Amino acid sequence: MLSVPTRCRLVARIDIMSGQSLPGHAEGLLMEPQSARSPKPNPDRWVDAYADTLFRYALTRLRRRQDAEDAVQETLLAALQGHREFRGDSAELTWLIAILRNKVVDRIRIASREIMVDPSDSTIDSMDDWCGATDRWLHAPKPWSGDPSKLVEDGEFWDQIRKCIAGLPERQAQVFALRTFDELEVEEICKQTGLTTTNLWVLLHRARTRLRACLEGSWFAPESTP
Amino acid sequence: MSAVFSCREASRLASEALDHPLSLRQRMTLRMHTMMCSACTSYAAQITLIDTVFRRRAQHGAPHLPTSESLDVAARERIRARLKDSSSVPPA
């Protein structure tokens with residue numbers, strides 16, 4: 001996800017191979033008008049070009065518009081202040097998303113202090129999933145059919161996923177996004193949010209269980225039983 | 001079997017398998033359970049499917065849920081103004 005765009009790699013290689021300084025010589029290849037090494041940041045352009053992408057990124061993880069707007073603002077302010085540190089070795093948007101991810105995780109960490117998760121507290125579990133003390137499925141999962149490569153392209157499926165995620169408790173939705181969208185390792189999420197490994201596993205298990213149940217009810221038609 | 005090793009426990013292990021490599025003992029226990037329990041077999045397959053779909057989307061360069069939501073005009077202007085204020089002050 002955070003790979004360096006081909007263009008940057010290409011320029012870097014030419015630089016090394018030719019042994020010449022880039023300006024002039026490789027001008028034709030440096031097509032990006034907003035050169036990463038531009039001495040002056042252009043926040044207006046950031047807002048035009050990236051604000052919506054950053055906002056959607058934040059909204060996916062924080063869910064409340066106000067929180068997402070604040071995170072975008074904090075990100076662009078930090079980018080403005082830290083612009084000299086931007087070395088141009090990644091695309092500008094990738095750089096901004098990296099800053100935003102830290103802002104989002106900061107918010108999750110602060111919220112994590114306020115809500116502690118007790119893994120033994122079964123009352124947090126969806127009552128729909130488990131049949132009381134027997135620990136057996138109340139509504140046993142039924143087989144689905146679905147091709148991941150087709151589903152990933154299916155807009156209606158994602159609409160449904162969004163509705164299901166909106167129904168998750170906040171903390172579950174946040175860690176689920178960090179784990180699946182950001183592909184952060186468990187250790188990294190724990191380090192950044194202050195959650196214990198056990199708490200994180202519990203949250204992820206609950207998130208997956210609820211999401212699964214929601215999708216089964218709304219998207220994957222349960223196989224009819226004669 | 002399910003009295004010894006509940007579906008709840010099996011589903012927990014199936015979920016953890018997506019987060020860290022299970023121990024040999026955990027793998028054996030989970031397998032013995034799923035051999036006899038079609039519900040937990042479905043569960044494991046389904047959370048894996050969901051995980052895969054999300055990762056594919058993230059890898060296609062869209063690190064957010066598809067949405068038509070965008071910053072509203074007021075928020076956009078607020079951010080723009082805030083950035084303008086900030087850029088007129090030299091960094092400390």
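This passage describes the interface, the salt bridges, the cysteines and one loop proline of a predicted two-chain model.

The contact between the two chains draws on 64 residues from chain A and 50 residues from chain B. The size of an interface is often given as the accessible area lost when the parts come together. By that description, chain A and chain B bury about 5400 Å² between them, and 63% of this area falls on carbon and sulfur atoms. Polar pairing also takes part, for 19 residue pairs, both members at pLDDT 80 or more, are found in polar contact across the interface of chain A and chain B. On the side of chain A that touches chain B, the elements that give two or more residues are H2, H3, helix H5 (148-151), H6, H7 and H9 of chain A. Of these, H2(A) provides the largest share of that side, with 13 residues. When the residues on the side of chain A that touches chain B are sorted by class, 33 are nonpolar, 12 are polar and 19 are charged.

Side chains of opposite charge can pair when their charged atoms come close. Over all chains, the structure holds 23 salt bridges, and the count between chain A and chain B is nine. One salt bridge between the chains is formed by Asp19(B) and Arg208(A), whose closest N and O atoms are 2.9 Å apart. Another joins the side chains of Arg80(B) and Asp44(A), with a distance of 3.1 Å from N to O. This pair crosses from helix H4 (residues 73-88) of chain B, where Arg80(B) is found, to helix H2 (residues 43-62) of chain A, where Asp44(A) is found. The two partners fall into separate accessibility classes: Arg80(B) counts as buried because its relative accessibility is 18%, under the 20% limit, whereas Asp44(A), with a relative accessible area of 39%, is partly exposed.

Within chain A, Arg61(A) forms a salt bridge with Asp182(A), and the closest N and O atoms of this pair are 3.0 Å apart. Arg61(A) belongs to helix H2 of chain A, while Asp182(A) lies in the loop between helix H7 (170-180) and helix H8 (186-193) of chain A, so the salt bridge ties together parts that are 121 residues apart in sequence. Both Arg61(A) and Asp182(A) are buried. A further salt bridge in chain A is that of Arg107(A) with Glu74(A), in which the closest N and O atoms are 2.7 Å apart. Because Arg107(A) lies in helix H4 (residues 92-114) of chain A and Glu74(A) in helix H3 (residues 65-81) of chain A, this pair ties together parts that are 33 residues apart in sequence. Arg107(A) is partly exposed, with a relative accessible area of 23%, and Glu74(A), at 31% relative accessibility, also counts as partly exposed. Through salt bridges that share partners, Arg64(A), Asp67(A), Glu74(A), Arg107(A) and Glu170(A) are joined into one network.

A disulfide is a covalent bond between the sulfur atoms of two cysteines. A search of the whole structure finds one disulfide over all chains, and this bond joins Cys164(A) to Cys214(A) with an S to S distance of 2.0 Å. The torsion about the S-S bond of Cys164(A) and Cys214(A) is about -80°, and the disulfide is therefore left-handed. Cys164(A) lies in helix H6 (residues 155-166) of chain A and Cys214(A) in helix H9 (residues 197-218) of chain A, so the pair ties together parts that are 50 residues apart in sequence. Cys164(A) is buried, with a relative accessible area of 3%, whereas Cys214(A) counts as partly exposed at 26% relative accessibility. In chain B, Cys7(B) is in no disulfide, and the nearest cysteine sulfur, that of Cys40(B), is 3.7 Å away. Cys7(B) is buried, its relative accessible area being 7%. Cys40(B) is likewise in no disulfide, the nearest cysteine sulfur being that of Cys37(B) at 3.6 Å, and Cys40(B) is buried with a relative accessible area of 3%.

Pro41(A) is placed in the loop between helix H1 (6-18) and H2 of chain A, and this residue is partly exposed, with a relative accessible area of 27%. Leaving aside its neighbours within four places in sequence, Pro41(A) is in contact with Trp46(A), Leu80(A) and His83(A). Pro41(A) and Arg84(A), which are 43 residues apart in sequence, are 8.9 Å apart in space from C-alpha to C-alpha.

Technical notes: Residues numbered from 1 in each chain as written. Chains lettered and ligands numbered in written order. Predicted model: local features only at pLDDT ≥ 70, side-chain atom pairs only at ≥ 80, totals over all residues. Heavy atoms only, no water. Salt bridge = Lys/Arg side-chain N within 4 Å of Asp/Glu carboxyl O. Helix = DSSP H or I, 4+ residues; strand = E, 2+ residues; numbered from the N terminus. Buried < 20%, exposed > 50% of the residue type's maximum accessible area, 1.4 Å probe, protein only. Disulfide = S-S within 2.5 Å. Contact = heavy atoms within 4.5 Å. Buried area = accessible area lost by both parts, 1.4 Å probe. Polar contact = N/O pair within 3.5 Å; in protein donor to acceptor, adjacent residues only side chain to side chain. Nonpolar A, V, L, I, M, F, W, Y, C, P; charged D, E, K, R; others polar.
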